[in-house]
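Please work through the following exercises with the sequence and the structure in view. Each task is followed by a solution in steps.

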Amino acid sequence: MAPTPLTHQSLYRSIRHRYLLGVLIIALLSTTGYFTLQSALSDSDSTAYIVNLSGRQRMLSQHIALDAHRIYAAKLNTKEPSDDLITQMKRNISNMKEANFKLSSGMLSDNWTVDLSEATQEMYFGDMRLYERIEAYLTVAQQLLNSSNDKEISQYIDIINNTSEQLLTDLNTAVNQYQLEGEERLNIIEKLELFVWMTTLIALLLEVLFIFRPMVSIVHTSLKTQTDALNNLEKIVESRTLKLEISNKKLKDIATQDPLTKLKNRLTLESDIEALITLCKKHHTHFALCMIDIDHFKAVNDTYGHQAGDHILQELAKLLKAETREYDRIYRAGGEEFVLVLNRIPFKEAARKLERIRLAIQQSHFKYADNVIPLTISAGIYHTQLFDISKVHDLLRVADSALYAAKHAGRNCVCIAKHENDNKSSVPNENCIVDN
């Protein structure tokens with residue numbers, strides 16, 4: 001018996017049901033894909049913020065150590081640290097404490113919370129005890145800030161010196177872990193993109209075979225629409241990925257470059273010096289490290305204003321670049337302090353070069369608005385031919401001691417670093433090259 005032919009209405013109803021089913025499937029796939037990728041992209045935004053915050057926390061640890069040494073230096077010189085220095089250190093302690101809470105809890109704001117990975121939780125609360133150590137570090141810094149007893153301050157400085165290097169290393173490990181997790185999330189986004197794309201194609205193929213065969217023209221239109229949607233999603237993902245790469249590069253630049261002078265900042269100084277020490281031991285390539293501090297810089301700010309002070313710092317950075325070679329390195333250590341690394345140079349030539357720089361600064365006419373601002377520097381120089389130092393912090397300490405010897409000798413001079421065993425008296429460094 002022959003089957004009863006479908007009426008026009010039945011055929012229309014059948015096609016309509018197939019069409020509605022196909023449209024429903026497409027709508028569900030598009031919505032699911034959109035929200036899946038939107039969620040992944042939102043997660044990448046939080047990753048960029050966390051990487052930035054962890055980098056800032058790493059930088060703050062060094063600022064706090066530097067502030068502590070400045071306070072200690074002021075106490076050694078029987079001077080009270082400036083209100084600006086105390087305010088700055090308090091702000092740095094507060095900002096680092098806030099960053100530590102956010103990074104260890106995942107509570108980035110009242111309405112923004114992220115789940116910490118097991119690796120991150122292990123760093124903060126496992127064997128590394130990063131959260132506890134940061135809190136202890138900040139407590140010591142706060143105690144130093146509050147103390148007026150020289151012996152206690154000296155003890156706190158020793159604690160900071162003994163803990164800051166390893167803490168910086170572990171904070172750098174945390175930054176790397178956040179960056180690694182960010183890269184993993186980007187890989188997940190790429191996989192999700194491929195999954196949504198493949199799932200949509202498979203669904204379209206099934207619709208062509210089992211739903212839209214009687215409606216070829218509609219199928220072609222639907223395919224075009226879906227292809228356009230997928231292309232748009234791909235462009236969005238590519239755009240967000242590019243923005244994230246640009247943001248990561250900017251974060252790296254911000255973390256390693258002083259925004260005012262465009263010189264390297266203190267963050268990379270220790271690792272660079274460590275590499276130079278290794279090269280010196282292996283290939284006997286000597287280098288000099290020079291600590292430079294502008295004399296009476298506070299008076300410049302007080303007399304001409306902070307904008308004038310910023311201008312002076314920028315002009316001094318230009319002068320240092322002009323007076324050094326391409327393979328020498330210049331850092332702004334903070335405030336009016338600069339560090340100059342002279343590569344592959346004998347000691348006598350390095351000392352002469354630093355003295356020429358001092359004279360060039362003294363003889364320069366630094367202008368701001370209608371004012372000519374006189375400027376001098378005090379400097380301390382350490383060279384690997386003087387005596388061996390294998391640790392970065394020891395090298396920085398002897399160079400810093402030479403700088404303070406230059407200050408004690410009356411400023412506007414260069415002092416040569418002395419071995420710690422020969423540097424215990426309070427008499428100004430006899431190796432100072434004093435301007436006559």
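A patch is made of residues with over 30% relative accessible area and no salt bridge, like charges being joined within 9 Å and nonpolar side chains (Val, Leu, Ile, Met, Phe, Trp, Tyr) within 5 Å. Accessible areas come from the Shrake-Rupley method with a 1.4 Å probe, and for residues only the protein chains shown count as cover. A salt bridge is a side-chain nitrogen of Lys or Arg within 4 Å of a carboxyl oxygen of Asp or Glu. The model is predicted: local features need pLDDT of at least 70, side-chain atom pairs count only at pLDDT 80 or more, and totals for chains, interfaces and linings use all residues. Residues are numbered from 1 along each chain as its sequence is written, and side-chain values use heavy atoms, with hydrogens and water left out.

**Exercise 1.** State which residues form a nonpolar patch on the surface.

Solution. The patch consists of Ile202, Leu205, Leu206, Leu209 and Phe210, with about 500 Å² of accessible area together. Ile202 is found in helix H5 (residues 150–210); helices (H or I, at least four residues) are DSSP runs numbered from the N terminus.

**Exercise 2.** Compare the span of helix H2 (residues 83–105) with its expected value.

Solution. The expected span is 1.5 Å times one less than the number of residues. For the 23 residues of H2 this gives 33 Å, and the end C-alpha atoms are 33 Å apart, so the two agree. Just after H2, Gly106 takes a positive phi of about 80°.

**Exercise 3.** Locate the charge over the ring of Tyr327.

Solution. The criterion is NZ of Lys or CZ of Arg within 6 Å of the ring centre and within 35 degrees of the ring normal. Arg344 lies over the face of Tyr327, at 4.4 Å from the ring centre.

How values were computed: Helices (H or I, at least four residues) and strands (E, at least two) are DSSP runs, numbered from the N terminus.
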